[in-house]
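Student: I should like to request a close look at a single part of this protein, followed by an account of how that part sits within the whole.

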Amino acid sequence: MADIIFVACNARYSHVAFALKTLRANLSPRVYDRSESLEFTIQNDPVEAADEILQKSPKIIGLSVYLWSLPFMRQLAETIHKTRPEIRIFIGGPEVAMPEDRMSDGLFASASVVICGEGERAFSALCVDALCGRAAAVDEYPEYADLLDRKVIYAPKPDVDSLVLPYEEYTDDDLKHRILYVETGRGCPYRCAFCLSSGDKPLRYFSLEKLFQSFKRLIDRGARSFKFLDRTLNASLSRALEILAFFMPYKDAVSLHFEMVPHEIPAELLEAMAAYPAGAIQIEFGVQTLTPHVAQAISRRLDADRLLANLKIMRESTRVHIHADLIAGLPGETFAEFAAGFERLKSSGVQEIQLGILKRLRGSPLDFRADEWGLVFSSIPPYEVLQTPTMDFAELTAFKRFARYYDVLVNNANYPTSVDRICAGDYFAKFNDLAQWIYVESHATQGISQTRWVSLLFRYMTEVANISPEASALCLIEDYLRSRKEDIPPVLRPYLPEDFSISACKRASHHGGGHIRQEKHLDIAEAASPRNIEPSKPKKG
């Protein structure tokens, strides 16, 4: 039983709802022990989730709502409100922006209060008000004295130094099976029109001393994978270097994921990262576009030559795994311009190019100018763009197939050798031809088995790309076995040499140079567990 239930819906089990951790950590001591958190995934049934929540007899339910969880949360809130209308439902999160225009929506109609912005103090004030009385709430949270009776609360940004760090909220199960999210600061120095963080200034930093104490306790408890939520690690070089220095003694034990901007990568930062082994650091670079007039339209800084040079330098001078993002459907960009940007980014040697499609985020600058730019969005979450004046529906639909197959075949490192052979010379155009052919043959973008992939690629290589069956079979078996398979697909068997050896091929292909989504991203949870967690000892002398 709990009077307060925090609820989140994650995209998959391996994710952790960081918002719930920080909200609960910052509850008033008056009510903290009367609370607990429940996390579901989008695969769960909202009605079943409602039953599980209601069995705990809560008085207050807090819902953290994101783009991917909106349909789940809407049905959950409606079910609870209709069956137990006396329960107070507080909603917050990025997806509750501009609530005044959405009060007829089932989620907002079911809510007692909508909290916009950073909700730690607002949520706690509401809970104290509901459970302990108005006088107690105003005494502890005087800034909310005139806000507690409102349906929509625009929460003042808290001083981050006043917040309780949430890392003690991570359970042993979280540490063992899930990716840990951490933050060292809030805000973003940039004003990209498509992003909700565009107006989040100034940057506000948590105390590194306190953070490092928390991180050390997490590591001692078995934490291995840290994903930083900071928008821009290199916004402060000194802080970035301190963070890397802190984790350095554990470099053989932990995996770190950061976001950075590629225009400014000082030599000191490269040197610090170069000291880490392969697989220890992944950097996500939000490139988004390499088309100058598009970058200008969305208020995004772009020096494409410098950006690509920096990516190449990092690729060649460190063992960092580089993940770069591109977005299709940005205002003014044509399919041909996007393709040219992809080719340039591919030539920099980054291991992954994450291809996304523009989404309409409520409250972002792009949201307000969508009609002006002629952008047509779906009304269904995640609100993807359907067409633009420069990229029509058919092109964007074809791009989505391209993006899906590229992620499976290349980013996931399932068939990179075979795809490189198919696409040599004009990568984007040839992969686009491959993607559309696969869709015609399979009528699927999900659920294609590895055996089916081998068969499809072998047919394409031999029938369309005019690659010999023998050469095609050798490419495909190398890729197939690199993914830890132990058999030979029947379609390839007739075309392999008589003396072909699975073990010899696996030894030859698995030499540490391939990344197999960073060795299948080093199978982060699995590969970390046997690695030494003791800090590296300095060498004598």
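With which residue does arginine 34 form a salt bridge, and how far apart are the closest N and O atoms?

Tutor: The model is a predicted one. In it, arginine 34 pairs with aspartate 3 in a salt bridge, and the closest N and O atoms are 2.7 Å apart. The two partners come from distant parts of the chain, 31 residues apart: aspartate 3 belongs to the segment before strand S1 (4-10), while arginine 34 belongs to the loop between helix H1 (18-25) and S2. Their surroundings can be described through accessibility. Aspartate 3 is buried, because its relative accessible area of 17% falls under the 20% limit. Arginine 34, at 29% relative accessibility, counts as partly exposed. As a general point, side chains of opposite charge can pair when their charged atoms come close.

Continuing along the chain, strand S2 (35-41) is followed by a loop that leads to helix H2 (46-54), and aspartate 45 lies in this loop. With a relative accessibility of 38%, aspartate 45 counts as partly exposed. Together with Glu48, Asp51 and Glu52, Asp45 forms a negative surface patch. A patch of this kind takes in residues without a salt bridge, whereas aspartate 3 has arginine 34 as a salt-bridge partner.

The pair may now be set beside other salt bridges. The count for the model comes to 31. One of them joins arginine 482 and aspartate 479, with an N to O distance of 2.9 Å. Here both residues lie in helix H19 (residues 469-482), where they are 3 residues apart, about one turn of the helix. Both arginine 482 and aspartate 479 are buried. Another salt bridge brings together the side chains of aspartate 367 and arginine 360, at 2.6 Å from N to O. Aspartate 367 has 9% relative accessibility and counts as buried, while arginine 360, at 24%, counts as partly exposed. Salt bridges also link Glu118, Glu120, Glu183, Arg186 and Arg204 in a network.

Helix H19 also leads to a point of backbone geometry. The loop between helix H18 (450-464) and H19 contains asparagine 466, which has a positive phi of about 55° although it is not a glycine. At 67% relative accessibility, asparagine 466 counts as exposed. Serine 299 likewise is not a glycine and has a positive phi, of about 60°. Serine 299 is placed in the loop between helix H11 (292-297) and helix H12 (304-317), and its relative accessibility of 45% makes it partly exposed. A further backbone feature is the cis peptide bond between proline 381 and proline 382, with omega about 15°. Proline 382 lies in the loop that runs between strand S15 (376-377) and strand S16 (385-387). For context, most residues other than glycine have a negative phi, and most peptide bonds are trans.

Strand S16 holds leucine 386, which counts as partly exposed at 31% relative accessibility. Leu386 joins Val376 and Phe393 in a nonpolar patch on the surface, and the accessible area of these residues together is about 240 Å².

Elsewhere, alanine 145 is found in the loop between helix H6 (134-140) and strand S6 (152-154). Its relative accessibility is 31%, so alanine 145 counts as partly exposed. The C-alpha atoms of alanine 145 and alanine 135 are separated by 9.3 Å, the two residues being 10 residues apart along the chain.

It remains to place these details in the whole. The protein has 22 helices and 16 strands. Its radius of gyration is 25 Å, close to the 24 Å that the globule rule gives for 541 residues, so the protein is as compact as a globular protein of that length. Along the principal axes, the C-alpha atoms fill a box of roughly 80 × 65 × 45 Å. Of the 541 residues, 53% are buried; aspartate 3 is one of the buried residues, and its partner arginine 34 is partly exposed.

Notes
Residues numbered from 1 in each chain as written. Predicted model: local features only at pLDDT ≥ 70, side-chain atom pairs only at ≥ 80, totals over all residues. Heavy atoms only, no water. Patch = residues over 30% accessible without salt bridge, like charges linked within 9 Å, V, L, I, M, F, W, Y side chains within 5 Å. Areas by Shrake-Rupley, 256 points an atom, 1.4 Å probe, with all protein chains shown as cover. Salt bridge = Lys/Arg side-chain N within 4 Å of Asp/Glu carboxyl O. Lys, Arg positive; Asp, Glu negative; His and termini not counted. Charge placed at Lys NZ, Arg CZ, Asp CG, Glu CD. Helix = DSSP H or I, 4+ residues; strand = E, 2+ residues; numbered from the N terminus. Buried < 20%, exposed > 50% of the residue type's maximum accessible area, 1.4 Å probe, protein only. Rg over C-alpha atoms; globule rule 2.2 N^0.38 Å.
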